[in-house]
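Colleague: Hi! I'm new to this one, could you walk me through it?
Modeller: Happy to, let's open it up.

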Amino acid sequence: MSKSKSVVSQLLESFPDWRPQMYFKSSLTALSHAMEDRVLAGSDAPLVIASFQRERFYRQEAHRYKRIAGKSDQVYVLAAPEADFTNNSDIYETIAFEPTDSLAQEWHLVVIGKNYISCLVCEEKSATAPHTKASLAMDTSRRFEGIWTFDPHVSLKAADILLDKILDYRPELAPKIKKARQEYLSLTDFPTASSEASPQLGDSIHNNPDPFVQRLVSYLQAGQYKLLKAHKSLSIKQQKEQLLNSVTDSIRRSLDTEEILQVAVQKLGEGLGVCRCIVYRCHEKDSTAVINHEFTGPGIKSVKGKTWQLKHNPLFEEVVGLRETLTIDNTSQDSRLTKQSVNKEAGKYLQNLVKTCSISSWLLVPVLYQDHLLGMMELHHCEPQPIVWKPDDVALVDAIATQVGVALIQAESYANLEDLNEQLAALDRTRSNLVAITGHELRTPLSTIQVCLESLATEPDMPEELRQVMLNTALSDAERMRNLVQDFLTLSRLESGRVEWNLEPLSMNECIDLSLSHVRSRVNSQSLPAIANLVPPELPLVQADGEWLVEVLAKLLDNACKFTQENGQITIKVASNGSSQLEVTVSDTGRGIEPNSLETVFDRFYQEEGSLRRSAGGTGLGLAICRQIVNGWGGKIWAESEGKNQGSQFHFTIPVFDDISQNLEKTKKTKKTKTKRNNRISSK
Ligand code: ADP
């Protein structure tokens, strides 16, 4: 049983001068129907052999064969079984051949009658992809090659070959087939294929199809060919659209920029079957970019982890300058890459890149969002033979780059939103902590006041001395509460940015004098440690809000007095720190600060011994206020100390007023406002 050699091949072996022709599936259907109709319309009882590739194709025609069987008892139908098609002798013979038989790739119809003789013997060609059930049935552009003729020699030979095949599968039909051969194939003594029809076969038999019929078939074939071309270009367009949709879908679903970039290169590289596809993040002014996302075809060298030079790179500069895609079909002939046209260094770099990465054709597409450069997408063709980038492919890469831009912005906005959410949550936590701490700080003196006042009210016989103590305690705690509320409001105002800064040129000496007198007015001068003002008289004016500057100085001096014994020493110094700022230092010889608390002393409500055990008073908000004020004029504040009982130094910087002409003018103004400020400070 010959399963490997097709009927077409066997037929051509017998007729070596015949050349097979190409037929589309739709043409074969039309021709087969015409042949079948001829049988149905005639008065012959012909031998009919029909071979279908699959059972399902036979099913579509089964009704015709039932009718044909009414005309002749020599009807044979072959097909590869799929459901219930079997070897059977019913109104006609059915022959179920094995699906591996070459018949499964063929399409035959042979009609041998007294008045009409014709054969259609074809095999399928150019099956580009394995057929699925659906594609087999739907694809009208499938191509076959073979012979369609009225030539009796060829037709009889075709019938002969097919009857042999039938015998292979159904040997029990030998007597019937013998009868068919006697009745129909005995007319085989024609000398050549081109000879005239034998008179025994009747006048209406032609050796070749009528020229009109031939032309009609050619016309049909041409139409079919055009259709095929249109179908091909449509299906390419459809594939590209699908690729774009699938990339867009995948990258828009992700909010992770790394994933977006990887999915984009992977899908694009696979979809276009390009050698290498890379994408990297970059901005216009970047000098280099690292390649982190890449797709490479089989056997193509990876460039992942490599650094691309962007500065003085004429290709990058051109894409960025024009905000347009750059296509280079042949890198060895492109003027931008030849030595003469670019500067020596850049030329060397690009030529080296082309060589080491085997780039024969290059496509660079900017990833933009509202004209901002977010990155670059590159496609490399790496075979020795360069290619011409097709406009459709370039348009597709452009479209994908646009989608990547949108996806990146979307992901970044989400990340920003997450950051913002975290900041808000942190702020909310701080706010809650603040409310709790403030509540506690206020409740403590309030309880003391309440206890004192209740005792005074309920104990009329309390000794006068104790009454005085109770009253003093209540008064001092009321004062502490007042200070706390005052400081708290000041800090809130500063933190919320609701403070209006009245920046003016100020004399440092003047402000220090004001703050000193403020400190002395609050505390009994005799219990104060010695204060040495070592500020030189000739200092440049500073640029600050006088009211707040005095506030900072007074708070630092207050603290120095609070935490230094009476016999200690406080010193005020001001020095120019070499730039456009002055550095003010308030140092004391007091109890000092542990190194690990040098920063935390600036936190709200930080007090080393806790507010309850505190002897020196205070709210724990002073240094937090100072930091807000100093930051407000763009300065810095920090603490230094050698440790416990080693004294402390508080430093802050303040900008120097630098315009001489303004300096003079504002100095006059300072003098005028001096009295005003003095009044404001003493009223605090
Ligand atoms: P307070 O009203 O408690 O003084 P501050 O914010 O001004 O609040 O200071 C916070 C804490 O920093 C003080 O309670 C104290 O523990 C520490 N501190 C501030 N200044 C000095 C200083 N000159 N010497 C030692 N410790 C200091």
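**A sheet and a cavity**

Modeller: Let's start with one pair: Ile 278 has Glu 294 of strand 11 as its bridge partner. Keep in mind that this is a predicted model.

Colleague: Thanks! How many bridges join strand 9 to strand 11?
Modeller: Four of them, and strand 9, residues 276-281, runs antiparallel to strand 11.

Colleague: And in what order do the strands of the open sheet come?
Modeller: The order is 11-9-15-14-13, so to speak from one side to the other, with antiparallel pairing across the five strands.

Colleague: Which are the edge strands?
Modeller: Strand 11 (293-296) and strand 13 (326-328), each of which pairs on one side only. On average, neighbouring strands in this sheet are turned by 10° against each other, ignoring direction.

Colleague: What does helix 8 lie across?
Modeller: Helix 8, residues 257-272, lies across strand 9, strand 11 and strand 15 (372-381). Its angle to strand 11 is about 20°.

Colleague: New topic: how many cavities of 30 Å³ or more are there?
Modeller: The structure holds two. The second largest has about 40 Å³ of space.

Colleague: Which residues line that second largest cavity?
Modeller: Among them are Tyr 280, Trp 308, Asn 313, Phe 316, Trp 362 and Glu 378. Helix 9 (314-322) and strand 14 (361-369) each supply at least two residues of that lining.

Colleague: How do the lining residues divide into nonpolar, polar and charged?
Modeller: Seven are nonpolar, one is polar and one is charged.

Key
Residues numbered from 1 in each chain as written. Predicted model: local features only at pLDDT ≥ 70, side-chain atom pairs only at ≥ 80, totals over all residues. Heavy atoms only, no water. Pairing = 2+ DSSP bridges. Helix = DSSP H or I, 4+ residues; strand = E, 2+ residues; numbered from the N terminus. Axes fitted to C-alpha atoms, helices over the stretch in contact; angles between N-to-C directions. Contact = heavy atoms within 4.5 Å. 1 Å grid on protein atoms, 1.4 Å probe; cavity = no way out; pocket = protein on both sides within 12 Å on 5 of 7 lines; lining within 4 Å. Points joined across faces, edges and corners; volume = space filled by probe spheres on them. Nonpolar A, V, L, I, M, F, W, Y, C, P; charged D, E, K, R; others polar.
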